[in-house]
Amino acid sequence: MPPPASHMANTWSPSAAEANPFVRFRDRLDSYEAVRLGTMSDEEFLDLVSRLDERVAAVDGKGFVETPVITADALAHHIGVDLSLHVKDETGNVGGSHKARHLFGSALHLCIDQPDDSRSLAIASCGNAALGAAIIARAMDRAIEVFVPAWADSTITASLAALGAEVQRCERRPDESGDP
C-alpha cells in the first residue's frame with residue numbers, strides 16, 4: 001500500500017490534472033471529504049492519487065486517464081437505429097474495462113481511512129471486475145481472493161494468477177440462477 005499522503009513527496013504535476021480523472025474531478029470523490037474536513041490537504045490528496053496511480057501503471061502498464069467517446073454512426077445504421085450514436089471506449093483503460101476505475105475510488109478510501117490495514121481483499125466477479133481489483137490490490141501491495149464462476153475465461157484467470165490473486169472457482173448450484 002502506498003504510504004500515507006503525509007509521508008509522500010509531491011509527485012503530481014499540473015499536466016496530471018488534465019490527464020488523470022481522479023485528479024481533475026477530485027472534488028467529486030467521496031474520499032476527497034478528508035480535504036473538506038481538513039484532515040488532509042489538497043496537495044496530500046493529489047500526492048496520494050498520483051502515487052497510487054503510478055503503482056497501478058507499474059502493474060498494468062498504464063494509469064488512469066479519461067477514455068474517449070467515439071462517434072459510431074455506422075454501428076447505429078448497421079443495427080437499424082436512426083440516430084447519432086456515441087460510444088465510450090473503455091478498452092484502453094486499466095484492466096481493459098471500466099471496472100478498475102470504480103475500484104480505484106475504493107482504494108483511495110482504504111489508503112485514507114485505513115492506511116496501515118494489510119488485510120486481504122476479496123471480490124466476486126465473472127472476470128473483468130476481478131481483474132481490475134487484482135491490479136489495484138497488487139498496486140496497494142495487498143493480497144486478494146477472487147471468486148469467479150467455474151466457466152470464467154481461462155485468459156482472465158491466468159492473468160489473475162499472474163497478478164498474485166488467489167482464484168476460487170465457484171460452481172453454480174442447480175437451484176441457482178444468475179452468476180454463482
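**View 1. Arg 55 and its partner Asp 141 in the predicted model.** Arg 55 has a relative accessibility of 24% and so counts as partly exposed. The model shown here and in the views below is a predicted one. Arg 55 forms a salt bridge with Asp 141, and the closest N and O atoms of the two are 2.3 Å apart. Because Arg 55 lies in helix α4 and Asp 141 in the loop between α7 (128-139) and β4 (144-149), the pair ties together parts of the chain that are 86 residues apart in sequence. Asp 141 has a relative accessibility of 56% and therefore counts as exposed.

**View 2. Arg 26 and Asp 42.** A salt bridge joins Arg 26 to Asp 42, with 2.7 Å between the closest N and O atoms. This pair also links distant parts of the chain: Arg 26 is in the loop between α2 (21-24) and α3 (33-36), and Asp 42 is in helix α4 (residues 42-60), 16 residues apart. With a relative accessibility of 25%, Asp 42 counts as partly exposed.

**View 3. Lys 62 and Asp 60.** Lys 62 forms a salt bridge with Asp 60, and here the closest N and O atoms are 3.5 Å apart. Lys 62 has a relative accessible area of 31%, so the residue is partly exposed. Asp 60, at 22% relative accessibility, is likewise partly exposed. The pairs in Views 1 to 3 are among the eight salt bridges counted in the model.

**View 4. A nonpolar patch on the surface.** Leu 75, Ile 79, Val 81 and Leu 83 make up a nonpolar surface patch, and together they have about 340 Å² of accessible area. Leu 83 sits in the loop between α5 (73-78) and β2 (86-88). Its relative accessibility of 47% falls below the exposed cut-off of over 50%, so Leu 83 counts as partly exposed.

**View 5. Cys 126 and Cys 170.** Cys 126 is partly exposed, with a relative accessible area of 32%. Cys 170 is partly exposed as well, and its relative accessible area is 23%. The number of disulfides counted in the model is zero.

**View 6. Residues 1-13 and the confidence of the model.** The mean pLDDT of the protein is 89, and 89% of its residues reach 70 or more. Over residues 1-13, however, the pLDDT is below 50. Beyond near neighbours in sequence, this stretch has 36 contacts in the model.

**View 7. The whole chain, for orientation.** The protein has eight helices and five strands. Along the sequence these elements follow the pattern α-α-α-α-β-α-β-α-β-α-β-α-β. Of the 180 residues, 38% count as buried. The accessible surface of the protein comes to about 9,900 Å², and 52% of this belongs to carbon and sulfur atoms. Among contacts between residues at least 6 apart in sequence, 56% join residues that are at least 24 apart. The salt bridge between Arg 55 and Asp 141 in View 1 ties together parts 86 residues apart in sequence.

Note on methods: Residues numbered from 1 in each chain as written. Predicted model: local features only at pLDDT ≥ 70, side-chain atom pairs only at ≥ 80, totals over all residues. Heavy atoms only, no water. Helix = DSSP H or I, 4+ residues; strand = E, 2+ residues; numbered from the N terminus. Buried < 20%, exposed > 50% of the residue type's maximum accessible area, 1.4 Å probe, protein only. Contact = heavy atoms within 4.5 Å. Areas by Shrake-Rupley, 256 points an atom, 1.4 Å probe, with all protein chains shown as cover. Patch = residues over 30% accessible without salt bridge, like charges linked within 9 Å, V, L, I, M, F, W, Y side chains within 5 Å. Salt bridge = Lys/Arg side-chain N within 4 Å of Asp/Glu carboxyl O. pLDDT = per-residue confidence, 0-100. Disulfide = S-S within 2.5 Å.
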